[in-house]
Amino acid sequence: MPKILVVDDESDVCDFVRNFFQERGYTVITALNGEEALSSVKRDKPQLVLLDVKMKGMDGIAVLKHIKDIDKAVKVIMVTALGDQERINEASKLGACDYITKPLMLDYLERAVEQNLK
């Protein structure tokens, strides 16, 4: 099964998403900030990253830029509570393959992950 990295500064969100995908047979790694996420991308080589846009310290847009510098093949789905069209456009230009808003709808999230891992 593919490896997913979940990046969110809220540990309960990381735990919730990790448990959901582990129950479906995925290998799931979590990171609570941008620096942890970049270390994990280098070390663990995930196929897909679920990346929160708004985080303390390095935000998701900056993390996305660095992820694509490390490995252009990694799929990145941006996750946010904001419906900010400007950020959606910026993330798309930087290589994000999808954009999901919180609260997370698990059916939609699972479909987005499956489609982007094909």
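How many cavities of 30 Å³ or more does the count come to? Hold on to that one for a few minutes, everyone, and I'll come back to it. A quick reminder before we start: this is a predicted model.

Let's begin with the sheet. It is open, has five strands in the order 2-1-3-4-5, and the pairing is parallel. At the edges sit strand 2, residues 27–31, and strand 5, residues 98–101, each pairing on one side only. From one strand to the next, the twist averages 20 degrees. As a bit of background, strands of a sheet pair through backbone hydrogen bonds, either parallel or antiparallel.

Now let me zoom in on one pair. Strand 1, which covers residues 3–7, is joined to strand 2 by five bridges in the parallel sense. If you want a spot to click on, try I4, which stands opposite V28 in strand 2. Then look at helix 1, residues 11–22: this helix lies across strands 1, 2 and 3, with strand 3 being residues 48–52. Relative to strand 2, helix 1 runs at about 175 degrees.

On to the packing. The largest nonpolar core has 23 residues, and the ones touching the most other members are V49, L51, I67 and M78. Several elements give at least two residues each to this core, including strand 1, helix 2 (34–44), strand 4 (75–80) and helix 4 (85–93). Helix 3 makes the largest contribution, with four residues.

What does V49 touch, leaving out residues up to four places away in sequence? The partners are L5, V7, V41, I67, V74, K75, V76 and I77. There is also a second, separate core of 18 residues, and I4 is in that one, along with C14, F20 and A112, among others. So you can return to I4, the residue opposite V28, and find a member of the second core there.

Back to my opening question, then. The count comes to one cavity of 30 Å³ or more. The largest cavity holds about 60 Å³ of space. Which residues line the largest cavity? They are V6, V7, D8, V13, V17, L50, L51, D52, V79 and L104. Strand 1, helix 1 and strand 3 each bring at least two residues to that lining, and strand 3 has the largest share, with three. Two names should sound familiar: L51, from the list of core residues with the most contacts to other members, is in the lining, and V7, a contact of V49, is there as well.

Thanks for listening, and I'm happy to rotate the view for anyone who'd like a second look!

Note on methods:
Residues are numbered from 1 along each chain as its sequence is written. This is a predicted model: local features need pLDDT of at least 70, side-chain atom pairs count only at pLDDT 80 or more; totals for chains, interfaces and linings use all residues. Side-chain values use heavy atoms; hydrogens and water are left out. Two strands pair if DSSP finds at least two bridges between them. Axes are lines fitted to C-alpha atoms, for helices over the stretch in contact, and angles run from 0 to 180 degrees between N-to-C directions. Contact means heavy atoms within 4.5 Å. A nonpolar core is a set of buried Ala, Val, Leu, Ile, Met, Phe, Trp, Tyr and Cys residues joined through side-chain atoms within 4.5 Å. Buried means under 20% relative accessible area, exposed over 50%, partly exposed in between (1.4 Å probe, protein chains only). On a 1 Å grid over the protein atoms alone, a cavity is a set of points where a 1.4 Å probe fits but cannot get out, and a pocket is an open set with protein on both sides within 12 Å along at least five of seven lines; lining residues have an atom within 4 Å of a point. Grid points are joined across faces, edges and corners, and a volume is the space filled by probe spheres set on the points.
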